[in-house]
Amino acid sequence: DGGLVLLSAPPLQGLSTLSYGFLGRHDAYLQNVRALESQPLITLDGVDTIAYDAEEYPEGYARHLTAVLRRDPDVVLVDPMEEDKETVRTLVETAEPPVIYVPLRAASLGASLQKFMTLAGGDAKAAVKNLKYVVHQRLVRRPCPDCSASINANAALLQKLGLSEEEGAGLVKGLGQVEVKPGRFETCERCQGSGFSGVTGVLEVLKVTDEIRGHLAKSDLKAALVAARRDGKISLQEAAVQAAGEGRTTLEEISRAFAPARKATAAGQEASA
């Protein structure tokens with residue numbers, strides 16, 4: 001079934017990669033898959049990548065998008081929505097939309113929903129009529145494959161993490177060193193001693209059921225998230241812990257990535273004055 005899928009991430013947290021990743025999940029040889037972008041970054045095999053043409057559509061991006069939607073695509077990726085209210089209104093007013101991926105830069109899943117509904121013009125019921133999913137991503141570093149070591153997690157740690165023994169079987173720690181001879185360690189060449197190599201995304205996913213849509217139509221985000229939690233939705237932090245249990249990141253990296261933003265203290269401000 002068609003509908004809108006919000007894809008969100010904070011700045012510099014892989015929103016473009018997330019968007020192309022979802023687009024690439026579709027079989028472009030069995031479906032009509034299109035991407036309308038002001039600045040196309042990559043070309044996916046079989047996907048019709050269309051560069052927004054300001055000369056042909058001087059009225060704006062939304063007008064070009066309308067033309068694309070009239071050609072009955074099965075899947076469409078649009079430009080990241082910043083302050084483009086006209087385009088968002090075009091999306092929400094489409095009577096029977098295909099699958100449309102709508103990227104948004106936002107600090108959290110809830111913030112992306114609020115941003116989208118604001119851009120839609122304040123009509124919450126219309127904004128969420130065809131909304132199917134909201135996906136929020138955060139990037140975390142991957143443990144270095146050359147110097148990571150398994151963690152023998154005890155029952156107390158697994159209970160604290162909310163993981164079963166099987167779910168926590170992949171817990172690792174990046175050491176930053178490799179043993180070149182018995183008892184002799186050197187800095188890992190791959191990660192240069194950091195213990196990490198590359199990044200991966202962790203996802204928080206909200207499936208918009210009829211109950212959740214009803215709450216959102218009343219602009220009651222809190223009730224919507226409570227209902228989602230009751231339906232089994234997990235938080236971004238919980239998704240990150242699951243990723244650690246699979247060996248895709250580490251507990252130390254989760255602590256770093258999800259640490260509260262530090263605020264300058266009065267003393268620090270005075271010292272820098």
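Here is a short tour of the structure, stop by stop.

You're looking at a predicted model, so local features need pLDDT of at least 70 and side-chain atom pairs count only at pLDDT 80 or more, while totals for chains, interfaces and linings use all residues. Residues are numbered from 1 along each chain as its sequence is written, and side-chain values use heavy atoms, with hydrogens and water left out.

**Stop 1: the largest pocket**

Select Ser16, Glu37, Gln39, Asp79 and Pro80: of the 14 lining residues, these are the closest to the centre of the largest pocket. Its volume is about 240 Å³. A pocket here is an open set of points on a 1 Å grid over the protein atoms alone, where a 1.4 Å probe fits, with protein on both sides within 12 Å along at least five of seven lines; lining residues have an atom within 4 Å of a point. The volume is the space filled by probe spheres set on the points.

Now colour helix H1 (15–23) and strand E5 (99–105), the elements that give two or more residues to the lining. H1 supplies the largest share, four residues. Helices (H or I, at least four residues) and strands (E, at least two) are DSSP runs, numbered from the N terminus.

**Stop 2: Arg105 and Glu82**

Stay on E5 and pick Arg105, which forms a salt bridge with Glu82, the closest N and O atoms being 2.5 Å apart. Glu82 sits in the loop between strand E4 (75–77) and helix H3 (85–93), 23 residues from Arg105. A salt bridge means a side-chain nitrogen of Lys or Arg within 4 Å of a carboxyl oxygen of Asp or Glu. Add Lys115 to the selection, and you have a network of salt bridges linking Glu82, Arg105 and Lys115. Arg105 is partly exposed at 36% relative accessibility; the cut-offs are under 20% for buried and over 50% for exposed, with partly exposed in between (1.4 Å probe, protein chains only).

**Stop 3: Lys173 and Glu252**

Next, pick Lys173 and Glu252, whose side chains meet in a salt bridge at 3.2 Å, N to O. Lys173 is in strand E8 (residues 172–174) and Glu252 in helix H10 (residues 251–257), so this pair ties together parts 79 residues apart in sequence.

**Stop 4: Lys160**

Finish on helix H6 (residues 155–161), where you'll find Lys160. Lys160 counts as exposed because its relative accessibility is 74%. Draw a distance from its C-alpha atom to that of Leu36: the two are separated by 45 Å.
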